[in-house]
Structure formats: structure tokens, C-alpha cells
Amino acid sequence: MTQTQKILVTGATGTVGRQVVAELLARGHEVRALTRDAAKVAFPAGVEVVEGDLTQPDGLTPALEGITGLHLITFGGAAFTPLETGPRILELARSAGVRRITVLHGGGPTPLEDAVRADDGAEWTVLMPVEFMANALEWADGIVASGEVREPFVSRLSAMVHEGDIGAVAAVALTEEGHAGQEYVITGPEVLTVGDKVATIAAAVGREIALVELTEEQAVEQWRATGLTEDVVGFLLEAYGNTPEVGRTVASTVEKVTGRPARTFAQWAAEHADAFKA
């Protein structure tokens with residue numbers, strides 16, 4: 001057992017942030033969750049909720065008081081733009097006595113992550129997860145409405161990771177020794193095709209689900225219809241059509257850091273089966 005510590009989690013309402021909060025609580029630590037609007041969020045009992053905005057770091061001093069560890073995201077504000085305030089956030093964290101910092105990698109170089117990596121005074125760990133299992137929730141409406149998933153590049157491979165395992169790795173890095181200066185690629189325990197994922201969800205909900213393969217042109221039309229920007233459309237075409245090796249290679253990070261195996265997509269699908277039912 002590690003000594004109880006108090007951790008400030010930014011991005012606490014996000015897919016990963018909520019898991020960081022849950023894992024820290026499960027390990028017996030105190031958690032303070034940062035949000036821009038405390039009236040609009042709900043957290044488990046025992047979580048201290050404070051208001052603050054990473055784009056306005058000078059207002060973070062009260063939130064950092066008494067904190068030993070800090071979980072950071074690299075984007076902020078309503079538009080989720082890359083944060084340019086990293087140096088000031090780190091200055092305030094240092095003054096508050098924050099010892100350990102984790103950063104959720106944003107998919108590429110960002111000013112905040114660069115600032116953290118350059119800070120010699122912090123015990124930082126960069127978390128680099130591959131595709132989230134939670135991304136499969138994007139299929140829920142189609143499965144409920146018509147019993148089908150419509151995707152391009154259905155043979156693409158993914159070592160997708162349970163978001164809870166990202167939270168678990170973060171919780172350990174924030175509260176235990178031995179993770180300073182590490183860059184952790186976080187994956188699930190298996191490599192799956194789109195067909196594998198659809199079959200796994202079908203088994204979890206107990207119904208047949210059809211997989212309809214789209215052409216690139218059909219996929220682009222579908223993505224644009226949902227309001228995705230051209231930058232995002234281009235990113236998806238590259239990520240799905242030419243998935244980098246890191247995204248389709250299993251890493252042992254979860255087991256090495258947490259002491260237990262990474263959770264499977266079958267476990268995730270069973271946990272979220274209700275989302276795919278009418």
C-alpha cells in the first residue's frame with residue numbers, strides 16, 4: 001500500500017479523466033477534479049470538485065494547494081485547442097509542491113507536453129494510449145437503429161485499449177516511485193480487426209450485427225455529414241488506411257505498471273452492452 005496522496009485531475013469529465021479519478025479512489029487516494037463548470041458535473045462521493053480553466057492558469061493556485069500529483073491534458077477551452085500555458089502551469093505546480101505529473105499524449109507534439117518534458121524539476125510520465133475501446137460507442141446508434149456497422153478499411157488492425165487501463169497506469173505513475181521520465185505506450189492485450197470488434201459486440205448483446213464495408217469516398221461523405229472538419233477527415237483516412245505500427249502492436253505496459261493483465265475488448269463490450277441495445 002502506498003501512502004494516501006492528493007491528486008488533481010484535469011480533464012476529469014473526459015473519457016480518460018473519469019477513469020483516472022476512479023482508479024485513484026479505488027487505490028485509496030484523495031482526488032480533486034478540475035472542471036470549468038462544477039454545476040454541470042457529477043463525480044463519485046469523496047471527490048472534491050473545483051472550478052478552473054487550464055487556459056487561464058493564474059486562477060489555478062487554489063486548486064493546486066496541498067496537491068502531490070497532477071494529471072494534465074494537452075488541450076483546453078471550449079474549442080479544445082492546444083494549450084500554450086504549460087510553462088505557467090508548471091511554475092504554479094512547482095510552487096505548490098506538486099511532485100509527480102502525468103500528461104495524456106494528444107496524438108502528436110503539443111506545447112504543453114513539450115513544456116513538461118523540458119521541466120527538469122518534475123517527475124513526469126507521458127501516457128501514450130492507442131485507440132480507445134470507447135470509440136466503439138460511435139457505432140451504437142447504427143446498431144440500435146438498423147443492426148449494422150458501416151466502416152471503411154474493415155481489415156485494419158488495432159491494439160485498442162480499455163480506457164480504465166489508461167486510468168490505472170496514470171494512477172500508479174502519480175502515486176508510486178519508478179515512473180519518472182517514462183513514456184508509456186498503452187495498449188490492450190490483443191490485435192483486432194473491425195470485424196473482430198463487431199463480432200465481440202454482437203456476442204455481448206446477443207444479436208446479429210452486420211458489417212458493411214464502405215469505400216473511402218462513402219466514408220468521407222459519412223464523416224462530413226456528421227460535421228467532422230476536413231482536418232479530422234484527413235486524419236481518419238490516414239489513421240484507418242495506414243495505421244502506424246504502434247497502433248497495431250501489443251505492448252506489455254499495463255501489466256508491467258499495474259501488476260495485472262490489460263482488459264480485453266470482450267470485457268469492455270460486456271460492460272457497455274446496454275449502449276448497443278434498443
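Guide: Buried here means under 20% relative accessible area, and exposed means over 50%. Keep in mind that we're looking at a predicted model.

Visitor: Good, let's use that cut-off. Is E23 buried or exposed?
Guide: E23 sits in helix α1. The residue has a relative accessible area of 15%. Buried means under 20%, so E23 counts as buried.

Visitor: Which residues does E23 touch, leaving aside its neighbours within four places in sequence?
Guide: With those neighbours left aside, the contacts of E23 fall at two stretches of numbering, so let's take them in order. They are G164, G167, A168, A171, R260 and R263.

Visitor: And D141, is that one buried or exposed?
Guide: D141 belongs to helix α5, residues 140-146. Its relative accessibility comes to 64%. The cut-off for the upper class is over 50%, so D141 is exposed.

Visitor: How far apart in space are D141 and F276, C-alpha to C-alpha?
Guide: Along the sequence, 135 residues separate D141 and F276. In space, their C-alpha to C-alpha distance is 7.4 Å.

Visitor: Let's turn to helix α6. What span should its 13 residues have?
Guide: Helix α6 runs over residues 163-175, and its end C-alpha atoms are 19 Å apart. The rule is 1.5 Å times one less than the number of residues. That agrees with the modelled distance, because the expected span is 18 Å.

Visitor: How many of the residues of α6 are buried?
Guide: This helix is mostly covered. One of its residues, L174, has a relative accessible area of 0%. For α6 as a whole, the buried count is 13 of 13.

Visitor: Which residues does L174 contact, once its neighbours within four places in sequence are left aside?
Guide: L174 lies in helix α6, and its C-alpha atom is 31 Å from that of L157, 17 residues away along the chain. Its contacts, with those neighbours left aside, are Q5, I7, V20, G69, L70, H71, R100, I101 and T102.

Visitor: Which element gives the most to the largest nonpolar core?
Guide: That core has 26 residues, and V9, V20, L24, V169 and I186 have the most contacts inside it. At least two residues each come from β1, α1, β2, α6, β10 and α10. The top contribution is 6 residues, from α6.

Visitor: What does L24 contact beyond its neighbours within four places in sequence?
Guide: L24 is one of the residues with the most contacts inside the largest core. Beyond those neighbours, L24 meets I7, V9, H29, V31, A171 and T175.

Visitor: Now the voids. How much space lies in the largest cavity?
Guide: There are 4 cavities of 30 Å³ or more. Among the residues lining the largest are E131, W139, R156 and Y240, and the lining divides into 4 nonpolar, 1 polar and 5 charged. The space inside is about 80 Å³.

Visitor: Which helix supplies the largest share of the lining of the second largest cavity?
Guide: This cavity has a volume of about 50 Å³. Its lining includes L90, A93, R94 and D119, and divides into 5 nonpolar, 1 polar and 2 charged residues. The largest share, 3 residues, comes from helix α3.

Visitor: One last oddity: what is phi of F153 near?
Guide: F153 is in the loop between β9 and α6. Most residues other than glycine have a negative phi. F153 has a positive one, near 50 degrees.

Key:
Residues are numbered from 1 along each chain as its sequence is written. This is a predicted model: local features need pLDDT of at least 70, side-chain atom pairs count only at pLDDT 80 or more; totals for chains, interfaces and linings use all residues. Side-chain values use heavy atoms; hydrogens and water are left out. On a 1 Å grid over the protein atoms alone, a cavity is a set of points where a 1.4 Å probe fits but cannot get out, and a pocket is an open set with protein on both sides within 12 Å along at least five of seven lines; lining residues have an atom within 4 Å of a point. Grid points are joined across faces, edges and corners, and a volume is the space filled by probe spheres set on the points. Ala, Val, Leu, Ile, Met, Phe, Trp, Tyr, Cys and Pro count as nonpolar, Asp, Glu, Lys and Arg as charged, and the others, Gly among them, as polar. Helices (H or I, at least four residues) and strands (E, at least two) are DSSP runs, numbered from the N terminus. Buried means under 20% relative accessible area, exposed over 50%, partly exposed in between (1.4 Å probe, protein chains only). A nonpolar core is a set of buried Ala, Val, Leu, Ile, Met, Phe, Trp, Tyr and Cys residues joined through side-chain atoms within 4.5 Å. Contact means heavy atoms within 4.5 Å.
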